[in-house]
Amino acid sequence: MDARALFDLLGDSDTLTVVCHNNPDPDCLASALALGRIAVAAGIDEYDIYYSGEISHQQNRAFVNLLDIDLSRFDEAAVRDRDPGDLLAFVDHSKPGANNEVPDDVAVDIVFDHHPAEDVQARFVDHREDVGATATILTEYVRELDVEVDETLATGLLFAIRRETLGFLRGVTVEEYDAAAYLHECVDEDLLHRLSVPSISSATVDAIADAIANRSVTGSLLVSHVGRTSERDALPQAADYLATLEGVDTAIVFGIVDDDIHLSARTTDARVNVGEVLEAAFDDVGSAGGHSEMAGGEIPLGIFADYADDGPPLVDIVERVVTHRLYDALNVDEEDDR
C-alpha cells in the first residue's frame with residue numbers, strides 16, 4: 001500500500017470521476033464514497049460518482065438513501081473527453097468494459113479492487129484478491145492518510161465490509177477485523193441496524209420462492225432458476241438462502257432479466273471454486289467469474305433472442321442449456337438429480 005502516492009496523484013489533479021460497476025452494491029458504493037473523501041482531503045474540489053444498471057436490491061437502495069450518496073447515471077462523454085487533470089477511477093472492478101459501460105479503449109487512472117482479474121492497467125492500482133472487501137482496502141487508505149471519518153463514512157464502510165463477507169463468515173481476513181475495529185467507534189449504530197434490515201419487496205419474495213420451488217439437487221450441488229424476473233438482486237439472495245439447505249454445499253441460481261441471463265453462485269465446499277466454474281461454463285458466451293466462495297455471471301440471450309416473447313418455451317430452453325453447461329463444468333452427471 002502506497003497511500004502517499006495516491007494522495008500525491010489526487011493532489012496534482014483537478015477533478016475525479018469514480019465509476020461504479022454495473023448494479024453497484026454497498027462494497028462498491030462505500031469504496032467510491034471513501035475515495036471521494038480522500039480526493040477532497042487531497043485538494044480536489046469536485047468529484048462525481050457514476051453508475052449504470054440498476055440499484056434494485058433493497059439493501060443497496062437503503063444504502064444510497066440513508067447515507068445520502070450523490071450518484072449520477074453513467075455518461076460516456078464524461079470519461080472519454082477528459083482533460084489531463086481529470087482522473088478516472090474504478091472501485092470494486094478493474095477493467096473497462098468488464099461489468100461496466102466504460103469503452104475498452106478508455107485509460108483508467110486509479111483502480112481499487114479485490115475481485116480476480118489479470119493484467120489490471122492504471123496509473124495507480126491496489127488490487128488484492130486475498131482481501132475480503134474493497135471497502136477494507138479503502139479503509140486502510142483513509143486511516144493511513146488520516147482522512148476525517150464521520151458517522152456516514154464509517155457506517156457505510158463497516159456495513160459494506162459486513163455485507164461483502166456475509167457477517168464476517170465468508171472470505172474474511174484479519175484486515176476486515178482491523179478495519180472494523182478502526183471504524184467502530186465512529187459508527188452510527190441505529191443507522192447500521194436500519195441498513196441491515198431493510199424492507200423486502202413482494203417481487204423479491206416471489207423470485208426467491210420460485211428458486212426454492214425450481215431447485216434440483218445432485219449430491220451436494222443445488223441448481224435452480226427463477227424464470228423471468230425484474231428482481232436481479234433476488235438471485236444472490238436466493239443463492240445465499242439455498243446454500244444453507246441441509247446437505248447442500250454449492251448453490252447456483254439463474255434467471256432471465258431483460259435481455260440477459262444472470263447467475264449467482266455460492267459454495268462452502270473447499271474443493272469447488274465457483275468463480276472458476278462459472279468462468280469455465282460461460283466465458284465463451286458472456287462475462288462470468290468471481291471468488292472461490294461466491295461468483296456471478298451475465299450472459300446475453302443471444303441465440304435465444306428470437307424466443308424472447310414466447311414465455312415458458314424460452315425459460316425451458318435457457319434452463320436446459322445453462323444447467324447442462326454448469327453440470328459439465330462441474331463434472332456432474334445430470335442423471336443423478338434428486
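The exercises below work through the helices, sheets and side-chain contacts of this structure, which is a predicted model.

**Exercise 1. The parallel sheet**

Task: Find the order of the strands in the open sheet that contains β1, and say which strands stand at its edges.

Solution: Begin with the order, which for this open sheet of six strands reads β3-β2-β1-β4-β5-β6, with parallel pairing. Next, look at the two ends of that order: β3 (72-73) and β6 (124-127) are the edge strands, since each of them pairs on one side only. Strands of a sheet pair through backbone hydrogen bonds, either parallel or antiparallel. At the β3 end, the neighbour is strand β2 (residues 46-51), which runs parallel to β3 and is joined to it by two bridges. To place this pairing on individual residues, take tyrosine 51, whose bridge partner in β3 is arginine 73.

**Exercise 2. Helices on the parallel sheet**

Task: Determine which strands are touched by helix α1 and which by helix α5, and compare the directions of these helices with that of β5.

Solution: Helix α1 (residues 3-11) packs on the sheet and touches β1 (15-19), β4 (86-91), β5 (110-113) and β6. The direction of α1 makes about 140° with that of β5. Helix α5 (residues 134-144) also packs on the sheet, where the strands it touches are β5 and β6, and its direction makes about 120° with that of β5.

**Exercise 3. From α5 to α6 to α7**

Task: Describe how α6 meets α5, and then how α6 meets α7, giving the crossing and the residues in each case.

Solution: Take α5 and α6 as the opening step: their axes come within 8 Å and cross at roughly 145°, and the crossing is left-handed. The residues that meet are Ala135, Thr136 and Thr139 in α5, and Leu157, Ala160 and Ile161 in α6. Sorted by class, this contact has four nonpolar, two polar and no charged residues.

Now turn to α6 (residues 151-164) and α7 (residues 174-184), whose axes come within 10 Å and cross at roughly 155°. Because angles over 145 degrees count as roughly antiparallel, α6 and α7 are roughly antiparallel to each other. The crossing of α6 and α7 is left-handed. On the α6 side the contact involves Ala154, Leu157, Leu158 and Ile161, and on the α7 side Glu176, Ala179, Ala180 and Leu183. These residues divide into seven nonpolar, no polar and one charged.

**Exercise 4. A second antiparallel helix pair**

Task: Work out how α3 and α8 are oriented towards each other, and which residues make their contact.

Solution: The axes of helix α3 (residues 58-67) and helix α8 (residues 189-196) come within 9 Å and cross at roughly 150°. The two helices are therefore roughly antiparallel to each other. From α3, the contact draws on Gln59, Ala62, Phe63, Leu66 and Leu67, while α8 supplies Leu191, Arg194, Leu195 and Ser196. By class, there are six nonpolar, two polar and one charged residues in the contact of α3 with α8.

**Exercise 5. The mixed sheet**

Task: Trace the open sheet that contains β7 from one edge to the other, and identify bridge partners along the way.

Solution: The order in this open sheet of six strands is β7-β8-β9-β10-β12-β11, and the pairing is mixed. At the edges stand β7 (216-218) and β11 (287-290), each with a single partner strand, so one side of each is left without a neighbour in the sheet. From one strand to the next, the twist averages 15°.

At the β7 edge, strand β8 (residues 221-228) pairs with β7 in the antiparallel sense over three bridges, and threonine 218 stands opposite leucine 221 in β8. Helix α9 (residues 202-213) lies across β8 and β9 (250-257), running at about 135° to β8.

Further along the order, seven bridges join strand β10 (residues 260-267) to strand β12 (residues 294-300), and these strands run antiparallel; the partner of leucine 263 in β12 is glycine 297. At the other edge, β11 and β12 run antiparallel and are joined by four bridges, with glycine 290 opposite alanine 295 in β12. The hairpin that joins β11 to β12 does so through three residues.

**Exercise 6. A salt bridge within a helix**

Task: Find the salt-bridge partner of glutamate 76, and locate both residues in the structure.

Solution: Side chains of opposite charge can pair when their charged atoms come close. Glutamate 76 forms a salt bridge with arginine 80, and the closest N and O atoms are 3.3 Å apart, which is within the 4 Å cut-off. Both residues lie in helix α4 (residues 76-80), four residues apart, about one turn of the helix. For the structure, the count comes to 12 salt bridges.

How values were computed:
Residues are numbered from 1 along each chain as its sequence is written. This is a predicted model: local features need pLDDT of at least 70, side-chain atom pairs count only at pLDDT 80 or more; totals for chains, interfaces and linings use all residues. Side-chain values use heavy atoms; hydrogens and water are left out. Axes are lines fitted to C-alpha atoms, for helices over the stretch in contact, and angles run from 0 to 180 degrees between N-to-C directions. Angles under 35 degrees count as roughly parallel, over 145 as roughly antiparallel, 65 to 115 as roughly perpendicular and the rest as oblique. A crossing is left-handed if the near helix is turned anticlockwise from the far one by less than a right angle, and right-handed if clockwise. Contact means heavy atoms within 4.5 Å. Ala, Val, Leu, Ile, Met, Phe, Trp, Tyr, Cys and Pro count as nonpolar, Asp, Glu, Lys and Arg as charged, and the others, Gly among them, as polar. Two strands pair if DSSP finds at least two bridges between them. A salt bridge is a side-chain nitrogen of Lys or Arg within 4 Å of a carboxyl oxygen of Asp or Glu.
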